[in-house]
Amino acid sequence: MTYVIAGSCIKDDSCIEVCPVDCIHPKPGDPDFETAEQLYIDPEICIDCDACVEACPVDAIFPEAFTPEKFAYALDLNAEFFAQRSTEERTAA
Amino acid sequence: MDLFERLPTPWGLLRGGVAPDHQEIKRLDDTFDRETLARGCRLFGNVEVGVDVSHEELMRHYAAVIYATGAQTDKSLGIPGEELPGSWAATEFVAWYNGHPDYRGLEFDLSPRRAVVIGNGNVAADVTRMLVRSLAELERTDVADHALEALRQSRIEEVVVLGRRGPAQMAFTSSELRELGELDGVELRVDPQEVELDPLSRSWLEERGTFTARKNVQLVREFAARPERTDARRRIVLRFLRSPVEIRGGGRVEAVDVGRNEIVQAGDGSLRPRPVNGDVETIECGLVLRSVGYRAVPLPGVPFDERSFVLPNDRGRVLGADGEPLPGVYAVGWIKRGPTGILGTNKRDADETVRCLVEDLAADRVPVPPDPDPEKIVALLAERNPDVVTVEGWRAIDADERQRGSREQRPRVKLSSRDELLAAAKPAAERPTGP
């Protein structure tokens with residue numbers, strides 16, 4: 001399973017601060033941070049610890065199995081962000 | 001630390017800007033409260049700096065003043081007819097439906113069948129949603145009662161949203177755009193031809209497009225491919241590469257003349273819209289909401305950069321005419337960097353300003369105020385203004401609004417006149433007894 005960030009994310013970085021496995025990106029200072037409209041959770045790395053849910057001030061994070069219907073798109077969106085990112089990193093390298 | 005606020009209620013755009021149908025974002029007020037008022041920060045609400053108290057007076061009582069006044073006015077289009085009745089700044093509509101006391105008297109005529117929203121940013125998305133949402137949805141929000149009543153009578157059937165650039169350059173976030181396409185009972189229509197990218201935009205998107213830009217283009221393609229709906233209550237039409245050239249009407253808005261643009265590469269490499277001469281169409285409508293950006297206004301007693309519409313500053317230290325920091329004066333948010341970024345952007349922005357303040361304190365660069373007694377400012381304000389809203393006053397307003405809301409299964413029912421707010425802020429013993 002994984003946790004998922006929905007479009008109501010306001011890019012407050014409290015979740016990044018508490019994530020024990022550093023799976024929430026982009027981070028302040030990353031080249032794509034300013035243009036990102038929200039933060040995303042890497043489903044390959046997330047360990048379902050719930051820390052980000054506690055930290056989020058606008059309740060924008062859900063466990064995959066409890067994601068409301070209107071945010072169902074966010075599961076693919078989070079994964080896709082990291083898929084595109086790694087492509088870019090490979091291309092840049 | 002004390003918080004000065006021109007309105008009787010704190011939290012600025014969280015209360016007065018964020019759309020009522022985005023209640024999850026409004027929950028941020030808990031965090032704001034926990035980090036400030038709940039930690040002993042005093043509130044001086046209904047106090048206007050420059051009217052009730054001057055900048056110089058603040059500097060006499062405080063070591064540092066941090067301006068966080070935002071960008072309060074809208075940019076104009078600079079086209080004929082902009083001032084016709086029925087043509088509004090989207091921010092006026094926003095302030096009105098959010099119960100801002102200075103805007104509650106505005107009268108929006110929602111009897112026309114078609115409205116035109118000019119702009120492709122998130123405020124344009126907000127006002128569009130508010131025009132097409134069903135009453136059942138609106139009745140569960142904290143939309144101001146006067147706005148709810150007007151929206152109940154609304155006869156708007158179609159909202160045309162004009163973007164001067166193409167789908168690759170939209171300023172919507174993809175989540176706002178997606179939401180426009182998923183509203184209950186609302187058809188979203190996009191002309192497949194307008195979704196075709198020009199060669200410049202196509203190569204930009206492939207080579208340098210952001211994740212959001214790619215998502216946006218993908219979404220409008222999906223929208224354009226949808227079959228037409230006949231069962232929709234209302235319709236949103238997204239138009240691209242279109243700029244208004246004139247708003248027309250005899251005494252009030254009757255139509256907008258819209259010119260077509262093409263995308264060209266500017267000298268700095270950026271992609272810009274350029275009008276295609278002679279290609280003008282007329283869209284009949286009775287309401288125009290203009291949402292093409294914001295501007296800050298100068299504050300009395302502090303320098304202002306008339307070109308960038310911000311307080312001249314270096315990482316939040318406000319600069320004097322000589323380019324040197326004014327000791328003890330700081331800025332944060334839109335008045336510091338201009339109207340860009342989303343809510344969370346301000347956290348990093350504030351962090352930068354506060355770091356400067358802490359550095360200045362450590363280096364003894366912050367002036368010692370002549371009269372630091374924290375009770376002096378209270379006495380001064382009481383002399384000037386009998387209706388200062390304190391933390392207790394705001395808590396009373398908040399409790400009153402939430403209680404009214406709980407009776408109607410709404411998050412709150414906003415008090416939206418200054419008189420109502422000030423009455424609710426007074427201790428029960430001082431309130432006039434009513435029926």
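Colleague: Let me start with helix α14 of chain B: which strands does α14 lie across, and at what angle to β17(B)?

Modeller: Helix α14 (residues 345–362) of chain B lies across β3, β16 and β17 of chain B, running at about 150 degrees to β17(B). Axes here are lines fitted to C-alpha atoms, for helices over the stretch in contact, with angles from 0 to 180 degrees between N-to-C directions. Contact means that the C-beta atoms of two residues, placed from the backbone, lie within 7 Å. Helices (H or I, at least four residues) and strands (E, at least two) are DSSP runs numbered from the N terminus.

One reminder before we go on. This is a predicted model, where local features need pLDDT of at least 70 and side-chain atom pairs count only at pLDDT 80 or more, while totals for chains, interfaces and linings use all residues. Residues are numbered from 1 along each chain as its sequence is written, with chains lettered from A and ligands numbered from 1 in the order in which they are written.

Colleague: How do you know how confident the predictor is in chain B?

Modeller: pLDDT is the predictor's confidence in each residue, from 0 to 100. Chain B averages 95, and 98% of its residues score at least 70. The model as a whole scores ipTM 0.90 and pTM 0.94.

Colleague: Back to the sheet, then. What makes β3 and β15 of chain B edge strands?

Modeller: Two strands pair if DSSP finds at least two bridges between them. The open sheet has four strands in the order β3-β17-β16-β15 (chain B), with mixed pairing. Strands β3 (65–67) and β15 each pair on one side only, which is what puts them at the edges. Inside that order, β16 (residues 317–319) and β17 (residues 325–331) of chain B pair in the antiparallel sense over two bridges, and Arg317(B) stands opposite Tyr330(B) in β17(B).

Colleague: Why is Phe309(B) called buried?

Modeller: A residue is buried if 20 or more other C-beta atoms lie within 10 Å of its own, exposed if 12 or fewer, and partly exposed in between, with C-beta atoms placed from the backbone. Phe309(B) has 20 of them, so it is buried. Phe309(B) lies in the loop between β14 (294–295) and β15 (313–314) of chain B, and its phi is near 55 degrees, a positive value in a residue other than glycine.

Colleague: And what makes Asn46(B) buried?

Modeller: Asn46(B) has 25 other C-beta atoms within 10 Å, so buried is the word here too. Asn46(B) is in the loop between β2 (42–45) and α4 (55–61) of chain B, with a positive phi of about 65 degrees although it is not a glycine.

Colleague: Why does Gly17(B) count as partly exposed?

Modeller: Gly17(B) has 17 C-beta neighbours inside 10 Å, so it falls in the in-between class. Gly17(B) sits in the loop between α1 (12–16) and α2 (23–26) of chain B. Leaving aside neighbours within four places in sequence, Gly17(B) is in contact with Val94(B) and Asn98(B).

Colleague: How do you know that chain A is as compact as a globular protein of its length?

Modeller: Chain A has three helices and four strands. Its radius of gyration is 12 Å, close to the 12 Å that the globule rule gives for 93 residues, so chain A is as compact as a globular protein of that length. The radius is taken over C-alpha atoms, and the rule is 2.2 Å times the number of residues to the power 0.38.
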